[in-house]
Amino acid sequence: EKQGVQIVFESRVVNYDPKENIIQIKKDDQLLQIQSELVIAADGYNSKIREALSQVQNMNVTRSNESHGYKELNIIPQNGQHLDKNSLHIWPRGSFMLIALPNQTGNWTCTLFLALEGQVSFEKLNNKDEILQFFNHYFKDVAQYIPDLVEQFQKNPIGRLCTVKTENWNYEDKCILIGDAAHSLVPFYGQGMNAAFEDCLIFDQLYNQNQDMKQTLLEFYLSRKPNTDAISDMAVMNFIEMRDLVSDKFFQLKKQCEAQIALKYDDYIPKYSLVSFSNIPYDIAKRRGEVIDEVLTDLCKKEFDVDEAYKQIIDRYAQLNL
């Protein structure tokens, strides 16, 4: 605001004219019209600006709707009973799962990820008896922490999960899509907001380097597209890992062997840490993760040699220029 930026809260984009670069924003009952030299569109998953751009150029927008949805529940400590406040809690059940995340206020946000349709799904949980039977069968230890489980379950909405991938984020030197408007992803790597912030960082770096907006917009798209596609794919795969693979004995063995590598070699970084705690591009992190999984899958079938595993991984990185 000190630089002259006007922030308009509680408003939404309702229309965009790419040719004239005019945005229409609705605030309460008012319709505001804004014209700008450059529009940086961060209007989210259901982007009106993306929709308008797709009418004037080929964008090949693909939406992958997951067969699962989610419902949030709140766990409040009762009579001294509580979950560990320093842990992410996961109850994997093969094709679905329940997770709980601690909050600073002392409660836990609990999320059920479940198929929208089918034998075990949200469509089968409509009344008190069905809800209680489901939780007592699959999550009996959790149900005791939520005395108002049925009320919360019936009150809270079912959220949808969807991945959006878009080509050609830029329009001439007038507009660029960023964040969920360009690359919406499912939440299982916790990287949606981080990917959007990274968009801002890369855009700023490229403009400072080029000092030419049209060139910056094109380079921004070309540099970000492989990485946002990679994190979108990894987020979907991490859902499968969290709900299914974490209880698989061979998967657990691979994780134990990988921990041995990380303990012995300081320069070894697991895929999750590459994604969440480094500035290594998502595409590189994804391909390194594939190398790690291939090597561990092979070597964990026999007597595991930590030095051999490290050597094979590092050699493969070099061969693939990773």
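Two strands pair if DSSP finds at least two bridges between them, and helices (H or I, at least four residues) and strands (E, at least two) are DSSP runs, numbered from the N terminus. The structure is a predicted model, in which local features need pLDDT of at least 70 and side-chain atom pairs count only at pLDDT 80 or more, while totals for chains, interfaces and linings use all residues. Residues are numbered from 1 along each chain as its sequence is written, and side-chain values use heavy atoms, with hydrogens and water left out.

**View 1. The open sheet β4-β11-β10 is shown with helix α7 lying across two of its strands, β10 and β11.**
Three strands make up this open sheet, in the order β4-β11-β10 and with mixed pairing. Its edge strands are β4 (39–41) and β10 (170–171), each of which pairs on one side only. Strand β11 (residues 175–177) is joined to β10 in the antiparallel sense over two bridges, and within this pairing Y171 has C175 in β11 as its bridge partner. Helix α7 (residues 213–243) runs at about 15 degrees to β11 (axes are lines fitted to C-alpha atoms, for helices over the stretch in contact, where contact means heavy atoms within 4.5 Å, and angles run from 0 to 180 degrees between N-to-C directions).

**View 2. The open sheet β1-β2-β3 is antiparallel.**
Here three strands follow the order β1-β2-β3, with β1 (11–17) and β3 (30–35) as the edge strands, each pairing on one side only. From one strand to the next, the twist averages 25 degrees. Six bridges connect β1 with strand β2 (residues 22–27) in the antiparallel sense, and D17 stands opposite I22 in β2.

**View 3. Strand β9 is paired with β5 and largely enclosed.**
Strand β5 (residues 62–75) and β9 run antiparallel and are joined by six bridges, with S64 having T163 in β9 as its bridge partner. Strand β9 (residues 159–165) is largely enclosed by the rest of the structure, because five of its seven residues are buried (under 20% relative accessible area, with exposed over 50% and partly exposed in between, for a 1.4 Å probe and protein chains only).

**View 4. N107 is a buried residue in a loop.**
The loop that holds N107 lies between β7 (97–102) and β8 (108–115), and N107 itself has a relative accessible area of 16%. Its side chain makes a polar contact with the side chain of N74, at 2.7 Å; such a contact is a pair of N or O atoms within 3.5 Å, and within protein one must be able to donate a hydrogen and the other to accept it, while residues adjacent in sequence count only if both atoms are side-chain atoms. Leaving aside neighbours within four places in sequence, N107 is in contact with N74, I75, I76, P77, L101 and P102.

**View 5. The cysteines C257 and C300 are not joined by a disulfide.**
The whole structure has zero disulfides (pairs of cysteine sulfur atoms within 2.5 Å). The closest cysteine sulfur to that of C257 is in C300, and because the two are 3.4 Å apart, they are too far for a bond. Both cysteines are buried, C257 with a relative accessible area of 3% and C300 with one of 7%.

**View 6. Confidence is given along the chain as pLDDT, the predictor's confidence in each residue, from 0 to 100.**
The chain averages a pLDDT of 93, and 99% of the residues score at least 70. Confidence is lowest in helix α3 (residues 140–143), at a mean of 88, and highest in helix α10 (residues 282–299), at 97.
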